[in-house]
Each structure stands twice: as structure tokens, then as C-alpha cells.
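Reader: I keep meeting words such as "buried" and "salt bridge", and I would like to see how they are earned. Could we go through an example together?

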Amino acid sequence: MHPPQFPRIPPLYRSYTALLHAAAMTGSLTDLARRAQPATLLRLFLGILLPLTVLGLIGEDVLEKERFAFETPAMLWLHGHAGGALTGLSVFMNYFGGPLVMGVVIVLLPTIFWFTRHRPQALFALLALGGAAGVQAIMKRIFQRPRPELWPRLVTETGASFPSGHSTVAAALAVLVVLLLWPTRLRWPALVLGAGYYALMALSRVVLGVHYPTDVLAGGLTSLVWVLGTYQILRGRLLPQHAGRA
């Protein structure tokens, strides 16, 4: 009698499931489920579980070398309608969101928090930004997706395409700022500006032809899951006045 066969789970999905399991072992997710407050459960579902599921589905198709039928026509249409201003802005975003500038941000932001005696925020910024950058680098090695070759590029990019590193770090920075400012009156401006920054970075990567749409989407989902998961684990330190609450 043959043992039952179960659907294959993508390695990426398993890795994130392991991360969530580790968080649950610390008591954070277990406490959320036990207290069952609607706001925290909504954050858990929309910010972690749903993006994780979508990311796993996309990652499985990329691993199996599946093609997404909408991507090439959409990229060619965008390339044909992108004006000089959008193309020039995309070139600027390529350098602004590149390893040099973002590397400085990843080091500088936690350092500022540390020396201004905001030690939990410094730890959160370091783990959120540095961790997101590290996760996307590992994912690139796992998936090894070739970059699109649809037209001559204005910028030189090497390495794998999935996920977009620029989009991953942009989303991580946006989510980090929104979470840190959420208890203040700046929550909505931060949310609008952060979403706009990520969207512009993601659009610029497709305009330049260096990433597929699913690459930039995966970058955003990766950072959303990673940064929110990190926040949930460190929430008691970041918001000590809420320690003991969900």
C-alpha cells in the first residue's frame, strides 16, 4: 500500500511558515489568536497570511518555469506609452533605490535610533530593512529567474529577476515608517506616501524592462510579511504601554 501523496509545498512557502511558527513559539501569534481582537486578527490576515499565500502561489509557478500570460503584453504596452518624463524618473529611481543609497539608509536609520536612545526602534529598523534585503537575496538564488529581454535597457542590471530587490527594500522602508508612525497623527500621510513610494519604485522597474510585474509584486509581498512579522515579535518592546495586550 502506497503512502498518501500530498501536494508539494514551495520551499519559500515552507520557509515563511517556519518563520510564523517561530513567532508563535514566542507567544505573540498564539496570544493574538487567543484574544481574538478584530483589529489584530485583521492585521494578521491581511498583512501576513494572505500575502504569504499569494507569494507562495507565485513562487511555485516561477520555480516550475511557468509563464504569466499577461506580463509580456502589459510590459510592451507600458513601454510603448511611457513618455520621456516617466522614463527619466524611472532611471532616477533605479539609482535612488539601488544598493549604494539604500545600503546607507539600512545602516544610517538604525544608527540614528540607537544614538537617540530609541533602542527598540533601532533593533526593529535593522531587522526589518536588513532582513528584507537578505531574504530577497536568498530568494534570487533559489528561483534564478532570468530578467526580461524585451527591448534594449537604459540601465545595466545583473543577477536574477525574482523578486525585485529595489521593490523589496522600498516596500520594507515604507512599511517600517508606517508602523513606527502609526500611533501618531502622521499615520495616514505616512501610509499614503509609503504606498506611493513603493508603487512608483515598482512601476519604474517595469518601465525600464528590468523586472516582470510579478517580480515587483513579490518584492512588496515579501517585505510586507517580513516587516509585519518582525513587528509582531517586537511589538511589546516597541509599544511597552501595550505590553500584555494583543
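Author: Gladly; let us take some labels one at a time and set each against its cut-off. Keep in mind that this is a predicted model.

Reader: What makes D215 buried or exposed?

Author: Buried means under 20% relative accessible area. D215 has a relative accessible area of 0%, so D215 is buried. You will find D215 in helix 10, which covers residues 213–238.

Reader: Why is the pair D215 and R145 called a salt bridge?

Author: The label asks for a side-chain nitrogen of Lys or Arg within 4 Å of a carboxyl oxygen of Asp or Glu. Between the side chains of D215 and R145 the N to O distance is 2.7 Å, so the pair meets the cut-off. The two partners come from distant parts of the chain, 70 residues apart: D215 from helix 10 and R145 from the loop between helix 7 and helix 8.

Reader: How do you know whether R145 is buried or exposed?

Author: R145 has a relative accessibility of 10%; the limit for buried is under 20%, so R145 counts as buried.

Reader: Which other residue is linked with R145 and D215 in a network of salt bridges?

Author: That is E71. The closest N and O atoms of E71 and R145 are 3.0 Å apart, which is within 4 Å, so this pair is a salt bridge too. E71 lies in helix 4 and R145 in the loop between helix 7 and helix 8, so the pair ties together parts that are 74 residues apart in sequence. E71, like R145, is buried.

Reader: What makes the contact of D215 with H211 a polar contact?

Author: The cut-off is a pair of N or O atoms within 3.5 Å, one able to donate a hydrogen and the other to accept it. The side chains of D215 and H211 make such a contact at 3.5 Å.

Reader: Where are E149 and R153 on the scale from buried to exposed?

Author: Exposed means over 50%, and E149 has 64% relative accessibility, so E149 counts as exposed. R153 has a relative accessible area of 24%, between the two limits, so R153 is partly exposed. These two residues also form a salt bridge, with their closest N and O atoms 3.1 Å apart.

Reader: What is notable about the phi of K65?

Author: Most residues other than glycine have a negative phi. The phi of K65, however, is positive, near 60 degrees. K65 sits in the loop between helix 3 and helix 4, and its relative accessibility is 59%, over the 50% limit, so K65 is exposed.

Reader: What kind of peptide bond joins F162 and P163?

Author: A cis one, with omega at about -5 degrees. P163 is in the loop between helix 7 and helix 8. Both F162 and P163 are among the residues that D215 touches.

Reader: Which residues have the most contacts inside the largest nonpolar core?

Author: They are F124, F162, L179, Y197 and V227, in a core of 41 residues. Helix 7 gives the largest share, 10 residues. F124 is in contact with several residues farther along the sequence, including L179 and V227.

Reader: Where is the confidence lowest, and where is it highest?

Author: By element, the lowest mean pLDDT is 50, in helix 1, and the highest is 97, in helix 9. The chain averages 85.

Key: Residues are numbered from 1 along each chain as its sequence is written. This is a predicted model: local features need pLDDT of at least 70, side-chain atom pairs count only at pLDDT 80 or more; totals for chains, interfaces and linings use all residues. Side-chain values use heavy atoms; hydrogens and water are left out. Helices (H or I, at least four residues) and strands (E, at least two) are DSSP runs, numbered from the N terminus. Buried means under 20% relative accessible area, exposed over 50%, partly exposed in between (1.4 Å probe, protein chains only). Contact means heavy atoms within 4.5 Å. pLDDT is the predictor's confidence in each residue, from 0 to 100. A nonpolar core is a set of buried Ala, Val, Leu, Ile, Met, Phe, Trp, Tyr and Cys residues joined through side-chain atoms within 4.5 Å. Lists of a residue's contacts leave out its neighbours within four places in sequence.
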